[in-house]
Amino acid sequence: MKEKLFDVPRRAVAGVSALLALAAVIVLTAMSNSTMQPLPASAPAAEFSAGRALRHLEAFATRPRPIGSQAGAQARDYLVGQLRAAGLDVRVQQAVGANSSTGLAAFGQVHNVVATRRGTDPTGTVVIAAHYDSAAMGPGTSDDAAAVAAMLETVRALGDTKLRNDLVFLMTDGEEDGVLGAEAFVREHPLGGKGGVLLNWEARGVSGPSLMFETSRDNAGLVGLFADAVPYPRGDSMMVELYRLLPNNTDFTPMTAAGFTGMNFAYIQESSRYHTADDSLAHLNRGSLQHHGTNMLALARALGGTDLPALSAGHDVTYFRLFGLMITYPNGLVWPLAGLAVAAVAGLGLVAWRRRVAGPVRMLAGAVSAVVPVVVAVVLAQGLWEVLVAMRPEYDGMGGLLHRPEAFRAAVAVLAGLAVLGWYLALRRRIGPAALAIGALAWPAVLGVVCAQIAPGASFMFALPALFAALGGLAALLLRGSPRQGETGGAGPRVGGLARWMPGGTVWRVVVLTAGLFVAAGLLPGLALTAFDGMGLALGGVSAMVLALFVLMVLPVAELLLPEPAWPLPRPVAFGAPLAAAALAVALVPAGLALDGFDAGNPRRTHLAYVMDAGTRTAGWVSADADPSEWTNTYVSGRDTTFLPPGYARGDLWTGRAPAVDVDGPRVRVLSRDGDTYRLRVTAGRGARSLTLRVERPITEVTAKADGLRAVTVPVTGTRANTWPGEVRFRGIPAGGAEITMRVASTGQAGEAGELRVTAIGERDGFAAVPGFTPMPAGLVAATREDGGLVAITRTYRL
């Protein structure tokens, strides 16, 4: 039993028509998931206007605003003035924010803007949050000034409208250095301990629709309100599940950990400009700003007027868009739907066996072997990335988030198709096309079950395509008028036009089979595109896996283009098609390199930092670039790191000598010591914004205290990689310094802590103070490494 699932007259026309229909679904789905058109400043007063919000961005978001910077303070003053002018109760919370990660304790003096719009009869508090600081490398127009400007425009659009609940507009500081402002808010601010509903707004690119990508647990009530209230809802519960599994965080993370429920939003396209100088007004997609703000205003009105406790639910829901509609259902249906998908695939296999087109052993062989093209697609995609990095090393510093990746994405898609095609053509005569197709369909059904167990909100992405594809195959098999076993498409009478196929019913087999694949076409390519946007080509294997699964599901349609299984495949098909696909994938690489060339509009990244030992006044340039640019090579020329201060070097560096600068260095004074615990008074030096301590032994606990502010303590585990094992950072450190108490790992000698070396690094933004420095030319932007663009003045102490 090595037959086709079914056969039709004029199979080539039928196959091409079916594939074109699936392509149309993919295109229309992409179009329906796009962002909004921006409204001008002349839009009606009650509507959100990107044009009006842009005026705020022009006022405060044209230069970098890292924590502790003068630009950050000026932006804060502007925001406070605008909110007070709108009649809100505005307070600035000053505190020390804290966070820790492997081997690192991070602190920062934050200034959170907290503006309250009182409700008429509150049932709770709605907190609308975004951060006004930016990464040091760029003005952060999208990340996250666009959301802050949207908050100001939302306040204006609300006007004097009476709302039941209190609205709090929280503009946090220090998000880029470890969500420091949000951590301080929930730890110290009275509103942070009260909880409520949180709407957090972010960006990981400069374009794209505003996606609701994360929720708190038990989200049924919130998602239902989101689907009803927002005119252009985007996002799905698979994003929620994936984000819960990832180590990434935003201000949403500490706030929901403190008891807030809520939703998190971001746009993520054109992410090559994320955290660079190109996250600017010039590159901001106005439609993304409009989408952010329209959703924000709609949710502010809806949540402002609802009974917030009524939104509480004891379960999550699955939600996603399909064919332009937002679909939601309780997670109680996840297991039944996953079970139905498995049952439908099993039913399709049973009917195929009864119809003698595929046997159980062959279908099992098809299922087991179908893992091969999926794995091969992943390997090919990751191999492509390694080839691209070898050909253009600067791609590695971009983390796979390229300016114009379309040709490379197409190459990944072709490689995924090639992997499936090679597997299918190799086994088609031996196992049979129906057995291969039905066996392959088992994989999305199984993934639906696996996700139902570990990530219920993601199960729909695989279970529903498998369910409907299997139902389409069943309907095609069960329709009357199926050709007899072994009958070829050419044996039937020659009739013209699709309509003349109707009496035999064969056209309806193609229709129902193709319709069953519409759900897969509406979901899986979109998931692959989102993975490309969010993770880039460095993890292109994720998109390749999804695309390979989609191609496996489309096999019964593609089979319509092939002859009978018993006949040898013509050489142009057996060898020509795979070779053509391979040639296309290879050709797309140089085409992509040509299209994605670096220029002033699409710059390459480069890392450069200036380091000087304040004691010896030995200075040098360092770069972590794998292949420094021509401009960077005017400062670095070798690999000698011996002149760098102890503990400064991290990883492989290019270096070059530099003239000394006349600036203060950091200072460390021991206030007391108790065994392995050191209490220090630290200053960064005049004009320095931040201080870093590199410690030659692991640290286990650190407490930071600034004058007039509460002390905060964080535990630390693990060690830093490729440098000294312990590190303490204090961003936005006060001019008078701070008190740091750190406990370090013992040397193991009873009663003896031993000598401890600490290198203090005072950090200033920009190289203007360095004699002979030539500004970066067009076509280059600073890389995202944390010491990029900094003047680092160091002193090493033996405590």
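Me: What makes up 81% of the contacts in the protein chain with a separation of 6 or more?
Reply: Residues 24 or more positions apart do; a contact here means heavy atoms within 4.5 Å. By the way, this is a predicted model, where local features need pLDDT of at least 70, side-chain atom pairs count only at pLDDT 80 or more, and totals for chains, interfaces and linings use all residues. Numbering runs from 1 along each chain as its sequence is written, and side-chain values use heavy atoms, with hydrogens and water left out.

Me: Why is the protein chain called as compact as a globular protein of that length?
Reply: First, the chain has 21 helices and 23 strands, taken as DSSP runs (helices H or I, at least four residues; strands E, at least two) numbered from the N terminus. Its radius of gyration is 30 Å, close to the 28 Å from the globule rule for 799 residues, so the label fits. That radius is taken over C-alpha atoms, and the rule is 2.2 Å times the number of residues to the power 0.38.

Me: What makes a residue count as buried?
Reply: Under 20% relative accessible area; over 50% is exposed, and in between is partly exposed (1.4 Å probe, protein chains only). Buried residues make up 57% of the 799 in the chain. In helix 2 (residues 50–60), they are A50, R52, A53, L54, H56, L57 and F60, and they pack against helix 3 (70–85), helix 4 (141–158) and helix 10 (286–305).
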